[in-house]
Structures are given as C-alpha cells and as structure tokens.
Amino acid sequence: MSQQARVDIVTGVYGRTQREVDFPSNNGKHELMSEIFGQNVFGTKEMAKRLPKPVFQTFSNQLKGGQTLDKVTADAIAHAAKVWALERNATHFTHWFQPLNDSTAEKHDSFLTLKTAFNNGLADVTALETFSGSELLQSEPDASSFPSGGMRTTFEARGYTVWDTKSPMFLQEGPHGTAILYIPSVFISYNGEALDEKSVLLKSSSVISKVALEILHLIEPIEENTPRTKEIFTTLGTEQEYFLIDRALYSLRPDLKNCGRTLIGGLPARHQQMEDHYFGKIPTRVLAAMSEIELELAKLGVPIKTRHNEVAPCQFEAAPIFEEAMLAVDHNLLTMDIMHRVAHKYKLKCLFHEKPFKGVNGSGKHCNWSLSTDRGDNLLNPTSSPETNYRFLIFLVACLKGVHDHGDLLRAGVASASNDHRLGAQEAPPGIITAFLGSELNEVLNAIEEGRPVNKVLAGAETKEIRVTGTTVDLKVATLPKLSRDMTDRNRTSPFAFTGNKFEFRAVGSKQSPSFPVTILNSIIASALMSIRDDLKKQMGDKAVASEEDMLVVIKKYITETKAVRFEGDNYTEEWVQEAAKRGLPNIVKSPEAFRRIMKENNVKMFTDLGVFTKPELESRFHILSEKYTKDIHMEARTLVEMLVQHVVPSALSYRRELSESASFLKQLGAESGPEMKYLNQLAPICAGLQRSTEDLEECLAKAQDIEESEAADYACDTLSPLIEEARLLTDQLERLCADKYWPLPKYHEMFSTL
C-alpha cells in the first residue's frame, strides 16, 4: 500500500459520475410515498384480499391470542404468500431471525420442488413451485453455529426458527431481477430455550401488556357504550445514527474493515469544532443515497420520517415514525441492512460502530419508548393537568421504579466494547443510570409527595394549568407567531429522559440490536407495575375500582421510593458522580462489570418471576456478551499489531532513512543539518516506543490464550485496552511528524472530506 493509492482515490472522487435512479412514476408523475409504502409487504391488508374470509378470521383470532394456528390455516396462508411472492419474481424464501450477535440471519430455500410419478415403471419428474404451511411455520438451522453461551454444542445442535405471526412477511430484491420472501421468525433450541433477541422481546411485551391491563381495570370504571381496553402495546421509535465514508478509502483501512473503528489516526485541523455540520446541507451523494434508502424502506413498510446531518463530519441520522416495539425492532434491523446495501451502490461505506473516529462524536440509537392502548391512548401522555392525571402518574412512577431497582440492568443492556468508547464521553449518557423529568413534572411529583399544591413558578409554567405543550414564548417580532414551548427542556446528558409523552433511552449503541435493551426496559417496568398493582389492591380493599385517594397513596409511596434516580442537572460533571455515590447509585464504567449485573440475584429473580428469561438463558447471555467483548478487544489488538508491523513502522523507518541520508549528505558538504537532526531526534523515541508497544501487545495476546474464561473479559479490559491506547498515542504523534508521501493509510481529513 502506498501514499499514491490515497491520492488517486481522493482526486478521483471529484470526477466520479453520479448514480442515477428512476423514482417510481405514473404517467410522468412521481408516485407518492404513501402509494409506494408497504408494496413489498404481505401484511394483513394483502392477506384479507387473498384469503377466504373464514381463514383470515382464524388468523386474526390467532394474532389476538384467541387460538392457535392450525394446519389448514397455515397451508392456506402459505399458498397465498407463495402466489403473491411469485407474482413479484420471488424464487426463494427464508426464515429471517435475530441470533445473539446483534445481526440477522437467513437461509434461502427455493420454491422449486420435484414431483416424481411412475408410469409403467418409468419415473416421470415434474418441476413445480410449492410452499407448504409447515415450511412457513418453521425451519431448522444449526443452532450450534450461532452464539448460545453453552446451551447448544455440535453434538446437541438442533434448533428451530418459528414464524412470528405478528411481524408480516416481506420481499427483498435478489440477484438478476429476482426476489426473496422473508419470514420474520424467532429462534429457539431443541429444548425451547431462547437463542435469539426476538423471542424474549415478545415475552416481555406480553408480560407488560398483561400487568398494565390489570392496572387499567383497577383504576378505570366500566362505562356504558365504551369498550374496555383489551391490549396494551409497547411503542418504539429508534433514531439511527451512522457515518458514511468513501468506500475506496475504507478499503485501505484494515482497522475499519476488521473492527469497525479507526485504531489510529489524529484529528485534522478542522473537524466538528465549528459546529456547522449538525443540520447542515446534506452532501449531494449522501442525499441521493438517503433518498434511495427511504424509497427501498418505504416499499418494505418502514416509515422513515426524518433525515439530517449529525454533529460529527460524515455523521448522519434517520428517524422513523413510532410503531409497536416488536415491529419497530424488525424495521430498525431492516433499516441498517438497506443502508449498508444502498451505500455500497454509491461507493460509500456505512459505519454503525459507536465510535469509528476518535475525537469526534460517536453514534447512538436513541430508543423512544412508551405504552399505548388498543384504542390509541398513550399511557405516558401527561395531558393538560398531570397533577390530577392519576393514570399517567401511576405509569410514570412505574418507569421510575424500574430504573431505581434495576438501573444496573439497563447499563448492562447497552454495554459492549464499542459502546464503551462513547458512553460518558461528553456526547452520550454516562454509566450512571438516572431519569430526567423536567422542571414541571419534577415539581408535580414533589408537590404530591409533600402534600401541597403545585408551585407554578417552580414548575416553570406561567399559565393557569400545566399543559402538555408547556407554555408559549413571544418572540417580540410582529411577523413571527408565538412559539409553543414543550413541557420539558431537553437534557442530552440524561440516559433516560422524559420528552413530552415518552422516555428516550439515549445510551443504546448505534450498531446493537434494540431488542435486548427494550426487553430489559419492558421487564423492569412490568415488574414495577406488578408491585404497584399489588399495593393498589391492598389499598382498595373490597372496592371494585380504586378511588383517587387510593391512587394518590400508592403514587406518593413510589415517588418517595424512587427519588434518588431523578436528576435534572448535567450528568457529565464530576459533581454529579460524587452526588450519585451519595445517593447509592451504581456508576458502572466498564462493560465486564456491567455484564456481571445480569446475574445479580435481584435481577435474575425479576426476570425468572416474569417468565421472560430462565436462569440458564441469563447465564447464556452473560457468557455470550463477555466472550464477544473479549473477542472484540483481541481483534483490535491483533489488527493494531499488523498495522504497526506492516504499515506504520515501515513508513517511519523509510522517513528516518531519508532524513538520515539527507543529514549525512549535508554534513559532508559542511552545511547545516539541524532541521533533519531535530526531526530524527523526535522520531527516535516514538519508533522505540512503537517497538515496545508491539512487543507488549503480542506478549499479552499470547498470555490471553491461557486465561480462564471468567477472567478473560477483565484482562482484555484492564490490560489489552490500555496497551492499544498507548500504541495509538505514539502512532498519532508519528502521523503528525511523518512526511505525507510515506504515510500509506487514509487520514481523517481525507475520509471527512470526500463525500
């Protein structure tokens, strides 16, 4: 690899032709996105058109939990799905599932089947397309080849994928104008243990729906001509942040290819310090890619609402409209897949690592979470008078109790080697999990706890009542309307912030599946709701419906119990770290410690009591997360050693040779060689330091092979990671000193400026 490869790529970018895509049109006019939306989805609307009414009714009952799916119904759905898919050029189908590796998995099976008939002793083979109900309902991948934490081995390898009927089938483009039918599925072992992210998410959603429904029936009287709520959904909106860089430059960076982040590289003179990238003009090539991404996602029924530049150079965000959590997770994983594939068509590389570039902001996946009834009521909507909206207050304090009792679990749910680079780095929430409510709600809770009226001044509200839209601000400009101010300010330092009618879990990493964090969130709040339900029943006595006084007694109890996790200030300050310690809140800085919290007794009891996880499944998660963390650090260390030996040190030695030859030549001429000697003297300790760093990394990697599994993650965290950073500091000094013509790896300024 030479410096010329970098130069050719950078100069070639500016003469590159733009990819042309024909937007779907009808009679010369672009189709509306609403007309394109969901056209590649075999959802309930399409099923209602194609299935006999009794069959569709049976399936609808199954979706509502009223009955199981029988073979006749499954066969009918499979036939209709096959006909629909073949009409759209499908040749294969696949059970699409989410193994425990933050990714998705698929195995393509052809619709092609051979039917053999014998006529006078001769075989007559006919080819035809078939798709049976049994093929729709389940498949059998090799479970031992996926992460299982010891639950599956090569001699106990059987696993099953099972169709998740609540998530619709869809088509993805295949090669040569063909298509593949995708069947969203769960993945379980031969013994029924969860081997995926989705099955436990479904369980947690079911549990929280059930207990939330019980509470609604305790606090809401039956009204004539008003149907009672029958189901409650968790809703989710995932704000996906990502980086885009030129794919050719990416191909010259072994660290980006192997690890997803740059292990070496110094900041250029201009990066994000001018604060001009956030919401800035989207680069032409990126905007074209975004448009095609949104088009493909619209076909798949993924409702992308927002696109914009993020804070760091080359960083962007896509945000969807809120959906039911189970579907939102599927759609987030689809979004990441489509982003990756479409970016490739524009000669771009999509980076989902939480911190691909040191020194500029990293990427997160902000999970906006709430609860909604089957009548469309948001249970976290404060309405105009939150102080008397007891339903809202009950669900609000349930969220606070969940965070209070199991905040360490939330931290474990976002822990990884990659997210550790982002958490607490003055751009993302730290390892202390707290909740932000805003001044108005904070004053409402304080007033209830203290048994006094709400102080409008303390609440920051000047209107006669606290409103969900907050107050208005007069901009004192005649041509501008009054501004509606939200109930809460936005605390970007809080890991779990209330933002009007939902909580935003900001600590989730950009490349991880949202399934596990949302499963934890569902579970801890379901557990809190169970405690509240029991206290309500006890307080109510024989009453059919809880009185306002009953509800206030319970609400006040939980306001007091959970006060420690409410924090309205700057989570980044050292003062808050000290205050959090006084409050007894855990500050979990490193991932290995976070993983151990999964197996903490109260957390295990909570999960197993709810039926979301069994203890062996939790042990499996702990081992998988710890092992992945260790492997990630080992991969970074090995990649860095290769880069030092094959690229960095040879570049330094070549430059040193040029300087020494120049100095020697000048001395022979009797000329001044001071500048050359100065640079040689600066390079000498760096080269020696890099040699030691390389040897230390190789030695520690060799030792790591003999370390017990229980200690491997800690060793990687406490020994290998610091060595990686030490080598990086030296390499970044060298990059600054070394002549550009000797530096073979694309630099930050080149990757930042070639979109």
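Start with the aromatic rings of this predicted model: a search of the whole structure finds 25 aromatic pairs. To look at one of them, select Phe 595 and Tyr 629, which form an edge-to-face pair with 6.1 Å from centre to centre and 75° between the planes. Phe 595 belongs to helix H18 (residues 591-596) and Tyr 629 to helix H20, so this pair ties together parts that are 34 residues apart in sequence.

From Tyr 629, extend the selection to the whole of helix H20, residues 615-669. H20 has 55 residues, and the distance from its first C-alpha to its last is 79 Å, which is close to the 81 Å expected at 1.5 Å a residue. Follow H20 along to Leu 644, where the helix bends by about 45°, and then go on to Gly 670, just after H20, which takes a positive phi of about 80°.

Next, keep H20 on display and add helix H22, residues 709-737. With 29 residues at 1.5 Å a residue, H22 should span 42 Å, and its end C-alpha atoms are 41 Å apart, which agrees with that expectation. Centre the view on Tyr 715 to find a kink of about 40° in H22.

With both helices in view, how do H20 and H22 pack? Their axes are 9 Å apart and meet at an angle of about 25°; because angles under 35 degrees count as roughly parallel, H20 and H22 are described as roughly parallel to each other. The crossing in which H20 passes H22 is left-handed. If you colour the contact of H20 with H22 by residue class, you should find 17 nonpolar, six polar and two charged residues.

For the last stop, hide these helices and select helix H13 (residues 439-450) together with helix H16 (residues 548-561). Are H13 and H16 roughly parallel or roughly perpendicular? Their axes come within 9 Å and cross at roughly 115°, and that angle makes H13 roughly perpendicular to H16. Turn the view until one helix lies in front of the other, and the crossing of H13 and H16 can be followed as a left-handed one.

Key. Residues are numbered from 1 along each chain as its sequence is written. This is a predicted model: local features need pLDDT of at least 70, side-chain atom pairs count only at pLDDT 80 or more; totals for chains, interfaces and linings use all residues. Side-chain values use heavy atoms; hydrogens and water are left out. Helices (H or I, at least four residues) and strands (E, at least two) are DSSP runs, numbered from the N terminus. The expected span of a helix is 1.5 Å times one less than its number of residues. The bend at a residue is the angle between axes fitted to the seven residues ending there and the seven starting there. Axes are lines fitted to C-alpha atoms, for helices over the stretch in contact, and angles run from 0 to 180 degrees between N-to-C directions. Angles under 35 degrees count as roughly parallel, over 145 as roughly antiparallel, 65 to 115 as roughly perpendicular and the rest as oblique. A crossing is left-handed if the near helix is turned anticlockwise from the far one by less than a right angle, and right-handed if clockwise. Ala, Val, Leu, Ile, Met, Phe, Trp, Tyr, Cys and Pro count as nonpolar, Asp, Glu, Lys and Arg as charged, and the others, Gly among them, as polar. Rings of Phe, Tyr and Trp (its six-membered ring) pair if their centres lie within 6.5 Å; planes under 30 degrees apart count as stacked, over 60 as edge-to-face and the rest as tilted.
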